[in-house]
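Work through the exercises below with the sequence and the coordinates at hand, and attempt each task before reading its solution.

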Amino acid sequence: MMRGTILGILCLFVFMNVSCKKDDESDIDNSLEKKVVEVKLSFSSNFPSYSLGLGLEGTSVNGGLDDSFNFIGANITDENNIVLPEAVIRTANYDVIPNSQLSIKTSHPVSTFSIAMTASSIKEDVNDLEPLSVTVDFYIDGKKVNSKSTKFDSNELSSQVYAIHVAEPDKIIDSTEFE
């Protein structure tokens with residue numbers, strides 16, 4: 001389950017790096033911007049019936065990231081973490097989603113931020129279980145800039161990936177665009 005999430009983030013990382021290459025000099029200056037990104041996840045009322053796996057990525061087009069970079073508020077695991085000067089990928093797992101809202105914030109300014117989500121039912125009888133609805137609100141330097149919503153069906157294993165570039169916060173890259 002988490003391997004697919006990490007693969008999705010890595011694919012988005014490559015896409016974001018390619019999309020950050022600009023022809024105009026002012027676009028290059030904007031693509032070098034780095035800011036603190038926060039996401040607030042809001043879950044439907046049936047959240048205690050689901051587990052959640054997250055793949056989180058922060059990138060810096062001019063490097064400078066290291067082991068001190070983290071995602072504040074996330075239940076980070078020690079496995080499947082990748083730390084490079086240009087990107088940090090960490091995983092967070094919740095056996096049961098603990099609250100109706102989660103807030104995750106980058107510890108350092110980044111150029112892009114990606115979140116991959118996989119939710120699955122922890123109930124044995126999933127036939128009567130409503131899908132889990134998730135709203136992801138994106139904040140840059142404390143200001144809300146965008147929002148996306150998705151649903152996870154209790155009978156299917158699926159994932160959703162969103163990515164945001166701080167220089168273009170009105171454009172969210174959504175993994176469903178590639179299906």
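**Exercise 1: a charged patch**

In this predicted model, Glu124, Asp125, Asp128 and Glu130 together form a negative surface patch. Locate Asp125 relative to the strands that flank it, and decide how its accessibility should be classified.

*Solution.* Begin with the chain position: Asp125 lies in the loop that connects strand 7 (112–121) with strand 8 (132–140). Next, take its relative accessibility, which is 48%. The class called partly exposed lies between the buried limit, under 20%, and the exposed limit, over 50%; Asp125 is therefore partly exposed.

**Exercise 2: the sheet around strand 7**

Which strands form the open sheet that contains strand 7, and in what order? Which of them are the edge strands?

*Solution.* The open sheet is built from six strands, which follow the order 4-5-2-7-10-11 with antiparallel pairing. Its edges are strand 4 (82–83) and strand 11 (172–174), each of which has a pairing on one side only. Turning to one pair inside this order, strand 7 is joined to strand 10 (residues 159–165) by seven bridges in the antiparallel sense. To fix the register of that pair, note that Met117 has Gln160 of strand 10 as its bridge partner.

**Exercise 3: the whole chain**

Describe the order of helices and strands along the sequence, and state what share of the residues is buried.

*Solution.* Counting elements gives two helices and 11 strands, and the sequence order reads α-α-β-β-β-β-β-β-β-β-β-β-β. Of the 179 residues in the protein, 46% are buried.

Key: Residues are numbered from 1 along each chain as its sequence is written. This is a predicted model: local features need pLDDT of at least 70, side-chain atom pairs count only at pLDDT 80 or more; totals for chains, interfaces and linings use all residues. Side-chain values use heavy atoms; hydrogens and water are left out. Patches are made of residues with over 30% relative accessible area and no salt bridge: like charges are joined within 9 Å, nonpolar side chains (Val, Leu, Ile, Met, Phe, Trp, Tyr) within 5 Å. Accessible areas come from the Shrake-Rupley method with a 1.4 Å probe; for residues, only the protein chains shown count as cover. A salt bridge is a side-chain nitrogen of Lys or Arg within 4 Å of a carboxyl oxygen of Asp or Glu. Lys and Arg count as positive and Asp and Glu as negative; His and the chain ends are not counted. The place of a charge is taken as NZ of Lys, CZ of Arg, CG of Asp or CD of Glu. Helices (H or I, at least four residues) and strands (E, at least two) are DSSP runs, numbered from the N terminus. Buried means under 20% relative accessible area, exposed over 50%, partly exposed in between (1.4 Å probe, protein chains only). Two strands pair if DSSP finds at least two bridges between them.
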